Amino acid sequence: VFTVTVPSPVYQDSLPWNTKIVFYAEARDRFGNLALSCREAGRWDPYVQDDKCTFVLKDPYPPEIGAVEQYPKSPTSEDLVSICVRVSEAPLGSGISKVALIYSPDEWKSRTSVAMSSLEREVYEASIPAQKTGSKVVYCVEAYDNAGNKRRSAQMSYQVLPSSEELRQEQFRQWQ
């Protein structure tokens with residue numbers, strides 16, 4: 001049994017996803033006899049492929065989603081909530097095509113999807129606008145790669161607290 005690694009690690013090359021590899025097998029015995037898995041006349045011609053083996057490098061793996069960070073941790077009705085996440089792809093993967101923040105202020109009765117922008121390599125950020133006091137905001141992150149693979153993070157949530165102004169008004173009402 002013989003094996004080969006494509007591309008050869010000797011050259012320290014990597015091939016991008018969706019690369020088509022065309023190959024044939026060649027064997028020689030100790031007497032110099034040659035056996036080919038294709039016709040000898042076309043073995044070096046890359047356009048003659050009907051008798052050669054082919055495969056296409058695919059990316060079957062979805063992106064990896066790291067820890068999702070939320071700031072502020074306990075938002076009030078005046079706070080814009082920033083969501084930050086690290087999204088990565090395997091070294092020979094197809095690359096990240098889109099990262100989206102999906103959120104709902106009403107436990108998924110309605111939902112909004114916001115494209116997350118890249119702050120730096122593999123770090124993405126988006127914001128959820130200020131919501132009404134008492135709202136439970138549920139959110140998750142979806143990441144897509146160029147091969148169409150998708151991964152969704154676990155669902156997270158936070159309860160919107162009253163703003164300092166709302167607390168002052170409530171204290172004033174109680175005082176009266």
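**A buried aspartate and the salt bridges**

Asp59 sits in the loop between strand E4 (53-56) and strand E5 (64-71). Strands (E, at least two residues) are DSSP runs, numbered from the N terminus. The model is predicted, so local features need pLDDT of at least 70, side-chain atom pairs count only at pLDDT 80 or more, and totals for chains, interfaces and linings use all residues. Residues are numbered from 1 along each chain as its sequence is written, and side-chain values use heavy atoms, with hydrogens and water left out.

Start with the charge on Asp59. Lys and Arg count as positive, Asp and Glu as negative; His and the chain ends are not counted. Asp59 is buried but has no salt bridge. Buried means under 20% relative accessible area, exposed over 50%, and partly exposed in between (1.4 Å probe, protein chains only). A salt bridge needs a side-chain nitrogen of Lys or Arg within 4 Å of a carboxyl oxygen of Asp or Glu. For Asp59, the nearest side chain of opposite charge is Arg151, 9.9 Å away.

What does the side chain of Asp59 reach instead? One partner is the backbone nitrogen of Tyr61, at 3.1 Å. Another is the side chain of Ser94, in a polar contact of 2.8 Å. A polar contact is a pair of N or O atoms within 3.5 Å; within protein, one must be able to donate a hydrogen and the other to accept it, and residues adjacent in sequence count only if both atoms are side-chain atoms. Setting aside neighbours within four places in sequence, Asp59 is in contact (heavy atoms within 4.5 Å) with Trp17, Glu89, Gly93, Ser94, Asp145, Ala147 and Asn149.

Now turn to the salt bridges. The structure holds 9 of them. One joins the side chains of Arg39 and Asp51, at 3.6 Å from N to O. Both residues lie in the loop between E3 (34-36) and E4, 12 residues apart. Arg39 is partly exposed at 44% relative accessibility. Asp51 is buried, at 17%. Arg39 and Asp51 also belong to a salt-bridge network with Asp50.

Glu122 pairs with Arg86, with the closest N and O atoms 4.0 Å apart. Glu122 is in the loop between strand E9 (117-120) and strand E10 (123-128), and Arg86 is in strand E6 (residues 81-88), so the salt bridge ties together parts 36 residues apart in sequence. Glu122 is partly exposed at 23%. Arg86 is partly exposed at 44%.

Glu142 and Arg152 meet at 2.5 Å, N to O. This salt bridge links strand E11 (residues 136-145) to strand E12 (residues 150-152). Glu142 is buried at 5%, whereas Arg152 is partly exposed at 44%.

Definitions and conventions:
Helices (H or I, at least four residues) and strands (E, at least two) are DSSP runs, numbered from the N terminus.
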